[in-house]
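Subject: Structure handover

Hello,

Here is the structure I promised to pass on. Please open it alongside this note; my findings follow below.

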Amino acid sequence: MRRPLIAGNWKMHGSLSQAKALAEGIKAGASAYTDVDIAVLPAFVHLNLVRDHLHHSPVMWGAQNLYPGTQGAFTGEVSGAMLKDLGCRYVLAGHSERRAILGEDLRLVAAKFKAAVEAGLKPVLCVGETREQREGGDTENVVGEQLESVIRFAGVEAFRQAVIAYEPVWAIGTGLTATPEQAQAVHAFIREKMAQNNVDIAKTICILYGGSMKPENAAALLAMPDIDGGLIGGASLDAASFLAICAAASREAAAAKAN
């Protein structure tokens with residue numbers, strides 16, 4: 001049985017005081033959910049503070065980005081080794097905002113994924129399609145190529161220490177909503193695509209849903225057989241909302257274990 005993961009992507013939000021309060025709020029409630037992995041991904045400037053407040057708690061932390069190099073004259077960049085030194089467990093690779101806003105292409109995303117694995121981090125590879133791509137019937141082509149490009153560059157074995165997150169870009173902050181069935185269909189496709197490369201990895205890899213999961217829809221999404229957790233955006237900025245999603249994941253994990 002795959003262990004659920006609920007990861008909060010704080011994006012470019014918060015002050016030092018807000019990051020401290022959020023970390024402490026999540027820490028205070030997280031111990032109730034021992035059957036769920038919980039992680040937060042703050043901005044670089046808040047990582048050290050968050051680490052200090054999450055020590056001796058079940059909550060893990062990670063980063064939103066890294067540079068695919070070990071060290072050197074790369075002004076403004078942060079390496080996987082630096083993140084590992086800060087105790088990071090996870091790092092995002094290929095988030096839709098970095099692909100769309102910052103122009104990260106398939107090769108750069110694959111290089112970042114591989115660098116994360118080599119640094120001993122667990123990359124969360126984000127894949128997903130835009131509204132135009134979905135309406136054009138290209139969802140599987142787009143998501144499939146995003147996966148295959150990383151497999152070709154890093155090798156399928158690298159996915160043994162990775163997570164995949166499906167982001168339906170068309171359903172994030174647009175007012176549109178992906179139904180649990182729509183989300184499940186793409187998650188099932190992702191798992192099948194992985195099975196074409198390695199059946200064992202396909203069975204065990206954690207696939208998160210990253211399309212505006214919140215307390216109101218978490219239970220229905222997490223009940224889907226191939227949705228193993230959530231990459232949470234806006235709802236992760238409120239400790240009570242984030243913990244409510246963790247509670248939904250815990251209930252689903254308990255139900256799955258009972259069956």
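Helices and strands here are DSSP runs, numbered from the N terminus: H or I over at least four residues for a helix, E over at least two for a strand. On that basis, K11 falls in the loop that joins β1 (5-9) to α1. One caution before the rest: this is a predicted model.

Backbone first. K11 is not a glycine, yet its phi is positive, near 50 degrees. Is K11 buried or exposed? Neither: its relative accessibility is 22%, so K11 counts as partly exposed, because that class covers values between 20% and 50%.

H56 also deserves a look. Its phi is positive too, about 65 degrees, and H56 is not a glycine either. The residue sits in the loop between α2 (47-54) and β3 (59-63). Relative accessibility for H56 is 83%, so this residue counts as exposed; the cut-off is over 50%.

Next, the pocket. The largest one has a volume of about 420 Å³. It is lined by 15 residues, and those closest to its centre are K11, M12, Q64, R98 and L102. So K11 comes up again here, as one of the residues closest to the centre of the largest pocket. Which helix gives the largest share of the lining? That is α4 (residues 96-101), with three residues. By class, the lining has eight nonpolar residues, four polar and three charged.

Then the helix packing. Two packed helices are described by the angle between their axes and the distance between the axes. For α1 (residues 16-30) and α11 (residues 239-258), the axes come within 9 Å and cross at roughly 35 degrees. The crossing is right-handed. Which residues meet? From α1 they are L22, G25, I26, G29 and A30; from α11 they are A239, F242 and L243. The contact of α1 with α11 has six nonpolar and two polar residues, and no charged ones.

Last, a serine in α11: S250. Is S250 buried or exposed? It is buried, because its relative accessible area is 13%, and buried means under 20%. What does S250 touch, leaving aside neighbours within four places in sequence? It is in contact with Y33, D35 and V36.

If you have time for two places, I would open the loop with K11 and the crossing of α1 and α11.

Best wishes

Note on methods:
Residues are numbered from 1 along each chain as its sequence is written. This is a predicted model: local features need pLDDT of at least 70, side-chain atom pairs count only at pLDDT 80 or more; totals for chains, interfaces and linings use all residues. Side-chain values use heavy atoms; hydrogens and water are left out. On a 1 Å grid over the protein atoms alone, a cavity is a set of points where a 1.4 Å probe fits but cannot get out, and a pocket is an open set with protein on both sides within 12 Å along at least five of seven lines; lining residues have an atom within 4 Å of a point. Grid points are joined across faces, edges and corners, and a volume is the space filled by probe spheres set on the points. Ala, Val, Leu, Ile, Met, Phe, Trp, Tyr, Cys and Pro count as nonpolar, Asp, Glu, Lys and Arg as charged, and the others, Gly among them, as polar. Axes are lines fitted to C-alpha atoms, for helices over the stretch in contact, and angles run from 0 to 180 degrees between N-to-C directions. A crossing is left-handed if the near helix is turned anticlockwise from the far one by less than a right angle, and right-handed if clockwise. Contact means heavy atoms within 4.5 Å. Buried means under 20% relative accessible area, exposed over 50%, partly exposed in between (1.4 Å probe, protein chains only).
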